[in-house]
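Please follow this explanation with the sequence and the model side by side, beginning with contacts between charged side chains and then turning to one strand and its neighbours.

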Amino acid sequence: MDDAEIVRAIEDNAAELLMAMGAAGGGSQRVDDRAEWTIGGSPIDYHNAVVRASAAEVVAESLAELKKHDVPGTWHVGPSMPISADDLTAAGFASAGSEPGMAVRIPDLIAPRAVPGLSVTRVQDDEALAIWEATLGQGFGEGEREARWVASVYRKLGYDDPWQHYLGQLDGVPVATATVYLGAGVAGLYFVMTVPEARRRGIGAAITYDALRAAPTEYAVLESSSAGRPVYESLGFREHCTVNLYEWAG
C-alpha cells in the first residue's frame, strides 16, 4: 500500500467500526453523497459520530440530529474531509484535540519484551465478554459507563470476524483489553487498555502485538492517544495522518 492508500484505510476502518457500533446501539444512520454518520445510539459523544462530509451545510444538519436525539456527539475530521475548523466551531462544536493515524505492516511488527505471567486470549462468548467489560471499565475513557455500552453492542455484533476482542490476564487476573476490527482491507486496533495498577510493565505492547499477529491482513492501523503513541512507535507503527476531533456536549 502506498501512503495515500494507508491514510484512506485508517479513515475507512474507523468509519466502518463507528458506523457498525452505532447501528448496533440503535443509532440513526445517514449514508449518502453528502454525509455519513451514526447518531443517537450511544450515550458517549465519541460514538455519536460524523465520519464523512462533503459540504459545510452538513454541520448544521448534524447538530440538529444530535439535538433531536438529545445526545452529545463528535466530528472525526480526517484528511479526506473538506470541513474547516471554523465551520465546526461557529456551529458550537469545540476542538477536542487530535489523534495521529498510525500504521505498520504486520510482518514488520517489533516484538516487545516478554511479560512473565501474561496470557492473551480471544473473547468468544458472553461470559468472557463480561470479564472484558469489567476490565475495560477500570481505566478506559468514561470508565464503567463506556465499557457497559461497548460491551452491549459487542454482544449484538457477535464474536466472529470482523470482530476480534482480546483479554490479557496476569497470573490469572484480568488486566488488559484490546479489540481488532477487520475492515477496509486492514486490521484496526481499538480499546487497548491496561488497568492502572498493572501499567508500565509492557502489558499494553504485549496485548497489541499478540492481537495483531493473529490478524489475516498485511497492515494494522490505529488512531492513538498521546499516552499510547510511544508504545505503538516501539512496535513499529508510524504516523501517516492526523484525525481532528470536534465535540458537541449537548
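Which side chain meets that of Glu61 in a salt bridge? In this predicted model, the partner of Glu61 is Arg34, with a distance of 3.2 Å from N to O. Glu61 belongs to helix α2, whereas Arg34 sits in the loop between β1 (28-31) and β2 (35-39), so the contact ties together parts of the chain that are 27 residues apart in sequence. Glu61 is partly exposed at a relative accessible area of 29%, and Arg34 is likewise partly exposed, with a value of 28%.

By the rule applied here, the count of salt bridges comes to 13. One of them joins the side chains of Arg105 and Glu218, at 2.9 Å from N to O. This pair links distant parts of the chain, for Arg105 lies in strand β5 (residues 94-105) and Glu218 in the loop between α6 (203-213) and β10 (219-223), 113 residues apart. Arg105 counts as partly exposed at 29% relative accessibility, and Glu218 counts as partly exposed at 41%.

A further salt bridge is formed by Asp161 and Arg122, whose closest N and O atoms are 3.0 Å apart. Here Asp161 is placed in the loop between α5 (144-157) and β7 (163-170), while Arg122 is in strand β6 (residues 118-122), so that the pair links distant parts of the chain, 39 residues apart. Asp161 is partly exposed with a relative accessible area of 46%, and Arg122 is partly exposed at 26%. Salt bridges also link Arg8, Asp12, Glu36 and Arg52 in a network.

From these charged pairs we can turn to strand β4, which spans residues 73-77 and is mostly covered, five of its five residues being buried. The cover extends to both faces of β4: Gly73, Trp75 and Val77 are buried on one side, and Thr74 and His76 are buried on the other.

Which strands pair with β4? Strand β3 (residues 49-53) pairs with β4 in the parallel sense over two bridges, and Ala49 has Thr74 of β4 as its bridge partner. Between these strands the chain crosses from β3 through helix α2 (residues 57-69) to β4, in a β-α-β crossover that is right-handed. The helix of this crossover, α2, is also the one that holds Glu61. Strand β11 (residues 238-248) pairs with β4 as well, but in the antiparallel sense and over five bridges, and in this pairing Gly73 stands opposite Trp248 of β11.

Methods
Residues numbered from 1 in each chain as written. Predicted model: local features only at pLDDT ≥ 70, side-chain atom pairs only at ≥ 80, totals over all residues. Heavy atoms only, no water. Buried < 20%, exposed > 50% of the residue type's maximum accessible area, 1.4 Å probe, protein only. Helix = DSSP H or I, 4+ residues; strand = E, 2+ residues; numbered from the N terminus. Pairing = 2+ DSSP bridges. Right-handed = clockwise from strand over helix to strand, strands pointing away. Salt bridge = Lys/Arg side-chain N within 4 Å of Asp/Glu carboxyl O.
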